[in-house]
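Visitor: Hello! Could you walk me through this structure, one question at a time?

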Number of protein chains: 2
Amino acid sequence: MQRVANCILLKDNHILMLKKPRRGWYVVPGGKMEAGENIKDSVVREFNEETGLRIKDPELKGSFTFIMKEDDQTVQEWMMFTFYTTDYQGELLEVSEEGQLEWVAVEDVLTKPMAEGDRYIFNHILASEEQVYGTFVYTTDFQLIDQDLDPSRPM
Amino acid sequence: MQRVANCILLKDNHILMLKKPRRGWYVVPGGKMEAGENIKDSVVREFNEETGLRIKDPELKGSFTFIMKEDDQTVQEWMMFTFYTTDYQGELLEVSEEGQLEWVAVEDVLTKPMAEGDRYIFNHILASEEQVYGTFVYTTDFQLIDQDLDPSRPM
């Protein structure tokens, strides 16, 4: 099972996002966990590889299960662990191999093109201190079929 | 990859533990995540199946990666998500299929026989509000070879 760890880095009311070349969708930096890694080590390593920055004290805010379905059959399942921090060291890469890095104002985040389920995640984590858990069901061409967040709204 | 979700339920300075028949080791109730489940749904379902109780508002406190090694080769890897709560509904099962249920005083928890790495986990989560992340390396006969907790001590 694939597992992904990523991090929302907030600075001066902006979050650092990565515009992925394939669909032009925005994500926060992160990537696949390696064998034997724990989720915090993964997110620190992946964030550094994609941005040049070393995030400090990231805290886990969201734990999600994703399912991709085709003709009612699950064809893929993966997990995503989303951290949050406001602290980092280092200099931002001018060019990332993974896409285009951009500081996006918090109020503009939801206007960016992105996977539909990610809007729920950003909306929740940017509005609330508490942890959130969720399940998202997608088609193989990344149309969101179903989602279930717990709690269902930011409190 | 196998994923396990479990929960420390604290009530009147006792936590609910399960003594597993195979080795006589103590664990907190929980079990394997099912396909498509998120970690919170898993822990609520598993805790209920093993104890008859319905935990309320469990909060994720620990996320761990376990590796089992034989002759320096990784033969198994799994993840464990440990929640914490003080609130529940329902009546405790008199007999659980999974082992013997027992309310253990917090100060006695670490004196019980258990997987060596679990002592680090209980020690941390019972002493601290913050989340903890970790990696544990075991032999195939469950001797702890290495552990790395982050933060390394409860703060």
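Visitor: Is α1(A) mostly covered or mostly open, and how many of its residues are buried?

Guide: Keep in mind that we are looking at a predicted model. A residue is called buried when its relative accessible area is under 20%. Among the buried residues of α1(A) are A:I39, A:V43, A:V44 and A:F47, and A:R45 and A:E46 are buried there too. The helix is mostly covered, and the count of buried residues is 10 of 13.

Visitor: How far does helix α1 of chain A reach from its first C-alpha to its last?

Guide: This helix runs over residues 39–51, which makes 13 residues. At 1.5 Å a residue, a span of 18 Å is expected. The model comes close to that, with a reach of 18 Å.

Visitor: Which residue caps the N-terminal end of α1(A)?

Guide: Look for a side-chain oxygen that lies 3.0 Å from the backbone nitrogen of A:K40. The residue that supplies this oxygen, and so caps the helix within the 3.5 Å limit for a polar contact, is A:N38.

Visitor: Which residue just after α1(A) takes a positive phi?

Guide: Step just past the helix and check the backbone angle phi there. Its value is about 85 degrees, and the residue is A:G52.

Visitor: Let's turn to chain B. With which residue does B:R45 form a salt bridge whose closest N and O atoms are 2.5 Å apart?

Guide: Both partners are buried: B:R45 has a relative accessible area of 18%, and its partner has 12%. That partner is B:E37.

Visitor: B:R45 and B:E49 also meet in a salt bridge; how many residues apart are they in helix α1 of chain B?

Guide: Their side chains come together at 3.2 Å, N to O. B:E49 is partly exposed at 47%, whereas B:R45 is buried. An α-helix has 3.6 residues a turn, so residues three or four places apart point the same way. This pair is about one turn apart, and the separation is four residues.

Visitor: B:E102 and B:K112 meet in a salt bridge as well; what is the N to O distance?

Guide: B:E102 counts as partly exposed at 23%, while B:K112 is buried at 18%. A salt bridge needs the two atoms within 4 Å, and here the distance is 3.4 Å.

Visitor: And how many residues apart are B:E102 and B:K112?

Guide: B:E102 is in strand β9 of chain B, and B:K112 is in the loop between β9 and α2. The pair links distant parts of the chain, with a separation of 10 residues.

Visitor: Finally, how many salt bridges does the structure hold over all chains?

Guide: We have met three of chain B's pairs: B:R45 with B:E37, B:R45 with B:E49, and B:E102 with B:K112. Over all chains, the total is 18.

How values were computed:
Residues are numbered from 1 along each chain as its sequence is written. Chains are lettered from A and ligands numbered from 1 in the order in which they are written. This is a predicted model: local features need pLDDT of at least 70, side-chain atom pairs count only at pLDDT 80 or more; totals for chains, interfaces and linings use all residues. Side-chain values use heavy atoms; hydrogens and water are left out. Buried means under 20% relative accessible area, exposed over 50%, partly exposed in between (1.4 Å probe, protein chains only). Helices (H or I, at least four residues) and strands (E, at least two) are DSSP runs, numbered from the N terminus. The expected span of a helix is 1.5 Å times one less than its number of residues. A polar contact is a pair of N or O atoms within 3.5 Å; within protein, one must be able to donate a hydrogen and the other to accept it, and residues adjacent in sequence count only if both atoms are side-chain atoms.
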